[in-house]
Amino acid sequence: MCPFFSSPLPLPPPNSLQGRTLLITGANTGLGFATAQHALALGASTLILAVRSTSKGLEAKTQLLSTPDLVEKEKKGEISVHVWELDLESFDSVKNFIAKIKRYVHEEDGRLDAAVLNAGLASVQWKVTGDGWERSLQVNVLSTAWLALEMMPLLLRSRTKDTSKDKARYKQEGNSDWKPHLTILASDIHKTARFTERDSENILKALNNRDTWAKSQKLAGPTERYAVTKLLDIYITREIARLVPRDEHGEPSVIVNCVAPGFCKSNLLSREEGVSCVIKVVQWLTARSVEEGSKTVIDAVVREVESHGGWVEDLVVRDPGKIVTGPGMERVQQKVWGEVFDVLRRDEPGLRTEY
Ligand SMILES: NC(=O)c1ccc[n+]([C@@H]2O[C@H](COP(=O)([O-])OP(=O)(O)OC[C@H]3O[C@@H](n4cnc5c(N)ncnc54)[C@H](OP(=O)(O)O)[C@@H]3O)[C@@H](O)[C@H]2O)c1
């Protein structure tokens with residue numbers, strides 16, 4: 001919807017994230033940065049900004065803590081913002097990040113209440129990472145899935161870390177039903193994906209083949225690869241949601257969902273070579289601000305159990321469409337998930353799906 005004619009989206013109640021620790025990937029700019037701002041405004045006490053450039057992350061931290069109120073709170077130790085390096089184009093970097101956050105939770109008395117897997121890119125050109133994967137496939141899909149799987153046990157632990165004082169405070173604030181969340185940034189662009197590779201013997205192998213990529217981009221248009229990676233993010237969300245253990249009420253102990261923030265005025269398109277000027281003009285004319293778009297991300301982070309495994313768009317859990325829920329797509333989703341897991345297990349043989 002045109003931003004000039006739409007009313008601002010609501011934010012959750014002011015204490016919704018009181019005392020919580022959030023990890024946000026790609027938090028130095030765009031939707032990730034705006035999500036971090038909202039999280040602090042809603043009472044989060046600790047943010048872990050996972051960024052590929054520490055200097056950009058430190059700049060973002062300075063900007064986040066630029067009000068006298070937050071500076072004072074940081075001085076008193078009431079809030080803290082950590083800047084940790086994470087480059088999703090490198091499995092080694094992902095591995096180091098995972099080791100660091102595990103140490104933080106297991107050895108340094110830290111906790112993790114929500115993980116927002118936001119970092120992503122929308123490249124229209126063929127580029128291969130040092131690990132041998134097409135860039136957006138590794139960043140948006142493989143590394144994101146790896147992080148999601150490894151964050152799960154840390155999120156599960158968060159509930160056991162609430163002290164009786166914490167529990168009393170949450171109850172007083174009407175916040176005691178809150179559950180840890182794993183939220184992945186999806187999009188609505190997945191509905192445009194042709195995803196012709198879906199019938200291949202090995203889907204990831206087909207997606208990682210330059211000739212197949214060129215054919216698909218020619219057939220379906222320049223945004224095809226981005227759309228496919230965002231589609232796979234929905235599959236990943238649905239598969240990981242199935243792995244979550246149930247609590248004493250039979251409900252998932254961690255809420256896993258994905259969110260489409262709507263078309264937003266970030267640098268997602270301008271930073272990539274080869275994106276058409278027409279799309280950039282359409283973005284300028286029709287897209288939301290990142291402050292608005294990130295309200296949908298924050299909404300997903302505090303959403304109730306009805307969003308588990310779901311795709312949330314404009315603050316509503318919706319059917320993600322035929323390419324996800326249509327005939328035969330469940331089988332494709334499971335095949336993709338099996339292949340993603342096989343790839344990750346090659347780098348991390350200890351990776352688990354039982355919690
Ligand atoms: N903007 C939209 O219209 C829109 C719509 C639907 C979904 N989304 C999704 O929203 C998410 C955020 O996008 P945005 O619009 O905020 O874009 P953005 O302004 O371009 O921000 C992307 C973030 O991801 C980080 N990132 C990119 N590659 C990375 C890597 N290899 N390792 C670690 N971090 C990396 C960037 O870090 P650097 O600054 O260091 O590059 C930046 O912090 C993406 O997943 C995107 O697909 C956006």
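Begin by selecting T183, which stands opposite N257 of strand β6. The model on display is predicted, and this pair of residues serves as the entry point to its sheet.

**First stop: the partners of β6**

Extend the selection from T183 to the whole of strand β5, residues 181-185, which runs parallel to β6 and is joined to it by five bridges. Within this pairing, L185 may be picked out as well; its bridge partner in β6 is V259.

Next, return to N257 and look towards strand β7, where the bridge partner of N257 is G310. Strand β7 comprises residues 310-313, and four bridges connect β6 with it, again in parallel. As background, the strands of a sheet pair through backbone hydrogen bonds, in either a parallel or an antiparallel manner.

**Second stop: the faces of β6**

Now select residues 255-260, the full extent of β6. Is this strand mostly covered or mostly uncovered? It is mostly covered, with six of its six residues buried. Colour the two faces separately: I255, N257 and V259 lie on one side, while V256, C258 and A260 lie on the other. Both faces are covered, since each of these residues is under the 20% relative accessible area that defines buried.

**Third stop: the whole sheet**

Widen the view to the open sheet of eight strands, which has mixed pairing and follows the order β3-β2-β1-β4-β5-β6-β7-β8. Which strands stand at the edges? They are β3 (80-85) and β8 (316-318); each has a single partner strand, so one side of each is left without a neighbour in the sheet. Viewed along the sheet, neighbouring strands are turned against each other by 25 degrees on average, direction ignored.

**Fourth stop: a helix pair**

Leave the sheet and select helix α1 (residues 30-41) together with helix α11 (residues 290-302). Two packed helices are described by the angle between their axes and by the distance between those axes. Here, α1 and α11 pack at an angle of about 65 degrees, and their axes are 8 Å apart. The two helices are therefore roughly perpendicular to each other, and their crossing is right-handed.

To display the contact, show G30, L31, A34, T35, H38 and A39 from α1, and V290, E291, G293, S294, K295, V297 and I298 from α11. Colouring these residues by class gives six nonpolar, five polar and two charged residues in the contact of α1 with α11.

Conventions:
Residues numbered from 1 in each chain as written. Predicted model: local features only at pLDDT ≥ 70, side-chain atom pairs only at ≥ 80, totals over all residues. Heavy atoms only, no water. Buried < 20%, exposed > 50% of the residue type's maximum accessible area, 1.4 Å probe, protein only. Pairing = 2+ DSSP bridges. Axes fitted to C-alpha atoms, helices over the stretch in contact; angles between N-to-C directions. Parallel < 35°, antiparallel > 145°, perpendicular 65-115°, else oblique. Left-handed = near helix turned anticlockwise from the far one by under 90°. Contact = heavy atoms within 4.5 Å. Nonpolar A, V, L, I, M, F, W, Y, C, P; charged D, E, K, R; others polar.
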